[in-house]
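Colleague: I should like to learn how to read the features of a model such as this one. Please take me through them in turn.

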Amino acid sequence: MPSSPDHRERSTLGLTASDRSVVAMVLVIKAVVLIYGALAFQISNNERVRSVAHLLSIWNRWDGPQYLLIASQGYAPTGDQRLALVFFPLYPWLIRLVALIVRDAVLSAFLVSTIASVIAGVALARLFAIDFSRHLARRAAWFLFIFPTSYFLHIDYSESVFLALVLTCFVAARRGRWLQAGLIGAFASLARPNGFLLFPALGADALWELWETHRFNWRWLWAGLIPLGFSVYLGINYHLTGDPFAFLKLENSHWADALIGPWGGIRVNFDVARDWDPSQAAMIGTQVLFYLAVGLTGTIAAALLLRPSYAVWMALNWLLFASQSWDISAPRYTLTLFPLFILIARLARRPAWDAGITVWSLLWLALFASEFVQGHWTF
């Protein structure tokens, strides 16, 4: 009996028509954002962007060169290069691997981010399609990729790799593939410190299922693999410095960043918004406070409306970045609060909310991206 078209697509490409529409959307948005950044750079700096290499270089700012440094030279225990130890290793390792083929570290970084962002978009839509309609799941992916800080998913930052791993980990767990979820989660905790939070998040779903069924599933124990990636990173710290938590001391000594109560971190941003010059007050103070408020609102809504694992993931991540003594990246970190985007998609079922959220997202995405390519701090 001949296979249906959908079956042939799955058996040959692994992608449904719905998946392919998400892939197309991500790639189109990616092209628009990167080209828009080039035009904004040219207009603001009165300098032509003459090549692909130049186009990529204007996006290679702030954390990006640190990842490239690790990819090309690795970590070092002394000198300025020791500061790179605060960056987790998976993304630069992937850059180095791809660079063996393309022979260009910057291009390799952007290729890794491109592939990872496509995977993240498809995984997000697949994950939410388990509980919601495919249309609503695709809308969630749309709102993720037009989010004001979504340009970080397209450039040489680790956000796209991390989000791809987190989302595929959740998809695997929801489908009962706990070994796969544990292995993917281990890689996520090697990509960013909050990858470790997958362990309690997935554990919340396991406890919920245990409560409902009164049956213990031994496969849940595979979630215990998740902290292994973080353990590898601690081992790197110990090998280089003799202290597995050296990265925390570097964060504190060089960037004046340490974990404090969230009320303390929020108070610092209030002070910045009140006392600093208008530009920095708006960007580091007001914008950070706004996204902290968005994250907190989304966390409360997730606790009321979504699965326990989503609520736990939101709450722990929000507490982690709200509890920094010098929080200047909350708008970027909000990207990791992926359940926020199904909440936004549900809210946007009303045309007025849809229009308002879409216009707001696109306007701020354009502003932040144009500031970023000019080398200004934009999270």
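Modeller: Let us begin with Ser108, which counts as buried because its relative accessibility is 0%, below the cut-off of 20%. Please bear in mind throughout that the model is predicted.

Colleague: Where does Ser108 lie, and with which residues is Ser108 in contact once its neighbours within four places in sequence are left aside?

Modeller: Ser108 belongs to helix 6, which covers residues 105-129. With those neighbours left aside, Ser108 is in contact with Leu94, Ile95, Val98, Ala99 and Val102.

Colleague: How should one read the sign of a backbone phi angle?

Modeller: Most residues other than glycine have a negative phi. In this model, Asn46 has a positive phi, near 55°, and His214 also has a positive value, near 60°.

Colleague: Where are Asn46 and His214 placed?

Modeller: Asn46 is in the loop that joins helix 2 (17-45) to helix 3 (52-59). His214 is in the loop between helix 10 (198-213) and helix 11 (227-241).

Colleague: Is Asn46 buried or exposed, and what of His214?

Modeller: Asn46 is exposed because its relative accessible area of 75% is over the cut-off of 50%. His214 counts as exposed as well, at 67% relative accessibility.

Colleague: How is the packing of two helices described, for instance that of helix 13 and helix 14?

Modeller: One gives an angle, a distance between axes and a handedness. Helix 13 (residues 262-275) packs against helix 14 (residues 278-305) at an angle of about 145°, and their axes are 7 Å apart. The crossing of helix 13 with helix 14 is left-handed.

Colleague: Which residues of helix 13 and helix 14 meet?

Modeller: From helix 13 come Ile266, Asn269, Phe270, Val272 and Ala273; they meet Gln280, Ala281, Ile284, Gly285, Thr286, Val288, Leu289 and Leu292 of helix 14. By class, this contact has 9 nonpolar and 4 polar residues, and no charged residues.

Colleague: How does one find pockets, and how much space lies in the largest pocket?

Modeller: Rolling a probe the size of a water molecule over the atoms shows where empty space is left. Here the largest pocket holds about 1,300 Å³ of space. It is lined by 45 residues, of which Val86, Glu251, Asp257, Gln324 and Tyr333 are the closest to its centre.

Colleague: Which helices supply at least two residues of that lining, and how does the lining divide by class?

Modeller: Helix 4 (63-73), helix 12 (246-255), helix 15 (308-322) and helix 16 (330-333) each supply at least two residues. Helix 12 gives the largest share, 7 residues. The lining of the largest pocket comprises 27 nonpolar, 10 polar and 8 charged residues.

Colleague: What is the volume of the second largest pocket, and which residues are the closest to its centre?

Modeller: The second largest pocket has a volume of about 450 Å³. Among its 17 lining residues, Leu340, Leu343, Ile344, Leu347 and Ile357 are the closest to the centre. Helix 14, helix 17 (339-347) and helix 18 (351-373) give two or more residues each to this lining, and the largest share, 6 residues, comes from helix 14. By class, the lining of the second largest pocket has 12 nonpolar, 3 polar and 2 charged residues.

Colleague: Helix 18 also holds Leu362; how far apart are Leu362 and Ser158 in sequence and in space?

Modeller: Leu362 and Ser158 are 204 residues apart in sequence, and their C-alpha atoms are 22 Å apart in space. Leu362 itself is partly exposed, with a relative accessible area of 40%.

Notes
Residues numbered from 1 in each chain as written. Predicted model: local features only at pLDDT ≥ 70, side-chain atom pairs only at ≥ 80, totals over all residues. Heavy atoms only, no water. Helix = DSSP H or I, 4+ residues; strand = E, 2+ residues; numbered from the N terminus. Buried < 20%, exposed > 50% of the residue type's maximum accessible area, 1.4 Å probe, protein only. Contact = heavy atoms within 4.5 Å. Axes fitted to C-alpha atoms, helices over the stretch in contact; angles between N-to-C directions. Left-handed = near helix turned anticlockwise from the far one by under 90°. Nonpolar A, V, L, I, M, F, W, Y, C, P; charged D, E, K, R; others polar. 1 Å grid on protein atoms, 1.4 Å probe; cavity = no way out; pocket = protein on both sides within 12 Å on 5 of 7 lines; lining within 4 Å. Points joined across faces, edges and corners; volume = space filled by probe spheres on them.
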